[in-house]
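Student: I'd like a close look at just one helix and what it shows to the outside. Please take me through it slowly.

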Amino acid sequence: MSLIAVLVLINACTNYSKYENVEFEEKSPRDWENPAMFNQNREQPHATMISYPDEESALSGDQDENPRYIELDGKWKFNWVKKPGERPYWFFKDNYDTRDWDEITVPSNWERKGYGIPFYVNIGYGFEIDPPHIDHDWNPVGSYKKTFKIPKEWKGQDIYIQFGAVSSAFYVWINEQLVGYSQGSKTPAEFNITEYVKNGNNSVAVEVYRWCDGSYLEDQDFWRLSGIQRPVFLYARPTIKILDYFARAGLDENYEDGILDLDINVSSNGENDISGCKLEYKLIWGDNVIVNEDTELLADDGSEEINFTTSISDVNKWSAETPHLYTLVLNLRDSNGETLESTSSRIGFRTVGIKDANLYINGKYIYLKGVNLHEHHDVKGHVTDKETMLNDIMMMKSHNINAVRTSHYP
């Protein structure tokens with residue numbers, strides 16, 4: 001056997017758990033102590049939307065039946081240490097031995113699962129103040145691992161992974177390859193993992209730091225909790241896609257007719273010509289299609305911005321007393337008329353303004369009776385389910401609460 005073959009065999013058989021105590025020289029400043037570093041390779045923020053293969057499925061909004069969506073919530077392999085220097089450095093390797101690791105539910109806060117200390121602080125941070133530095137002897141790190149499969153039907157499409165919220169900073173690897181980094185514990189983080197996935201089994205590894213330099217901006221009067229605390233999912237999109245859109249649904253100056261103003265960005269991965277594609281916009285009220293228009297795309301450089309504006313006579317206005325919602329549908333079709341993707345959202349027509357220091361909605365004075373609301377569950381911590389949200393809403397409505405301040409995050 002050649003020397004090269006021997007070295008390859010040794011590398012393939014290496015159990016990386018043997019190297020847990022090896023000292024590693026890390027770059028300075030570390031990403032999680034660098035105010036200039038917010039993310040690496042993270043996708044730009046965009047409107048909340050999921051790609052569906054056709055209009056019918058987009059209207060149903062049923063994620064369980066969407067062939068372009070895979071939920072990664074559930075049990076993940078998990079390891080917790082109290083400081084970065086003790087973390088299992090090589091854990092992202094596929095042959096790293098995790099048989100002795102615990103399992104943790106995602107989404108969850110690890111303090112609510114018995115790891116570390118949950119604590120409430122009003123004024124202060126819960127760690128030694130030395131901005132932008134974080135105490136290296138008390139900054140717990142959670143390491144997560146899971147395997148998944150990519151459907152063969154996703155071949156040729158762009159594939160993304162989205163983390164709804166992670167507190168407070170994290171790295172993500174796919175199949176041993178570092179994909180990116182993100183911080184911002186109440187905002188989604190999305191990564192394009194098309195070039196990292198493969199047929200058959202795939203692995204995802206996530207390294208979460210309890211605190212980072214961004215934690216100095218998140219000094220809030222609430223329970224300080226950590227981990228992957230909102231859903232994680234994969235989804236596929238065509239290489240030509242609706243990259244982003246903004247729907248403004250206001251009223252005319254007489255507060256009678258609705259004005260629908262759409263800004264839509266269609267883009268490809270840089271390799272496809274989008275000219276000849278068509279973007280269709282529909283506005284639906286009940287069983288009636290109120291608006292049905294389309295625009296043919298002309299750009300040949302892979303990206304085009306489209307604006308569409310129209311008026312809707314005697315629109316059903318949105319207010320707290322009459323929360324009327326229309327359904328907006330966007331359909332993107334190729335030059336042959338085949339649907340590339342569809343997405344939908346519910347929108348309400350209203351105009352909000354301030355006059356003489358008073359707040360008006362649809363031209364009517366509104367007296368705000370509001371509350372502050374933190375995303376919190378008495379058992380699950382910062383992980384809230386739909387039932388809890390609905391219960392909170394019904395309780396507030398029953399007490400004539402008409403405004404909510406989500407303190408202090410988006």
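Tutor: Let's zoom in on helix α3, then glance at another patch for company. The model is predicted, so local features need pLDDT of at least 70 and side-chain atom pairs count only at pLDDT 80 or more, while totals for chains, interfaces and linings use all residues. Residues are numbered from 1 along each chain as its sequence is written, and side-chain values use heavy atoms, leaving out hydrogens and water.

Helix α3 covers residues 386-398; helices here are DSSP runs of H or I, at least four residues, and strands are runs of E, at least two, numbered from the N terminus. From first C-alpha to last, the 13 residues of α3 reach 18 Å, close to the expected 18 Å, which is 1.5 Å times one less than the number of residues. After α3 comes Asn400, with a positive phi near 60°.

Now for the outside. Met394, which sits in α3, has a relative accessible area of 56%, so it counts as exposed (over 50%; buried is under 20%, partly exposed in between, 1.4 Å probe, protein chains only). Leu390, Ile393 and Met394 make a nonpolar surface patch with about 300 Å² of accessible area together. Patch members have over 30% relative accessible area and no salt bridge (Lys or Arg side-chain nitrogen within 4 Å of an Asp or Glu carboxyl oxygen); nonpolar side chains are joined within 5 Å, like charges within 9 Å. In general, an α-helix has 3.6 residues a turn, so residues three or four places apart point the same way.

And that other patch? Asp62, Asp64, Glu65 and Glu71 form a negative one, with Glu71 in strand β2 (residues 69-71).

Technical notes. Accessible areas come from the Shrake-Rupley method with a 1.4 Å probe; for residues, only the protein chains shown count as cover. Lys and Arg count as positive and Asp and Glu as negative; His and the chain ends are not counted. The place of a charge is taken as NZ of Lys, CZ of Arg, CG of Asp or CD of Glu.
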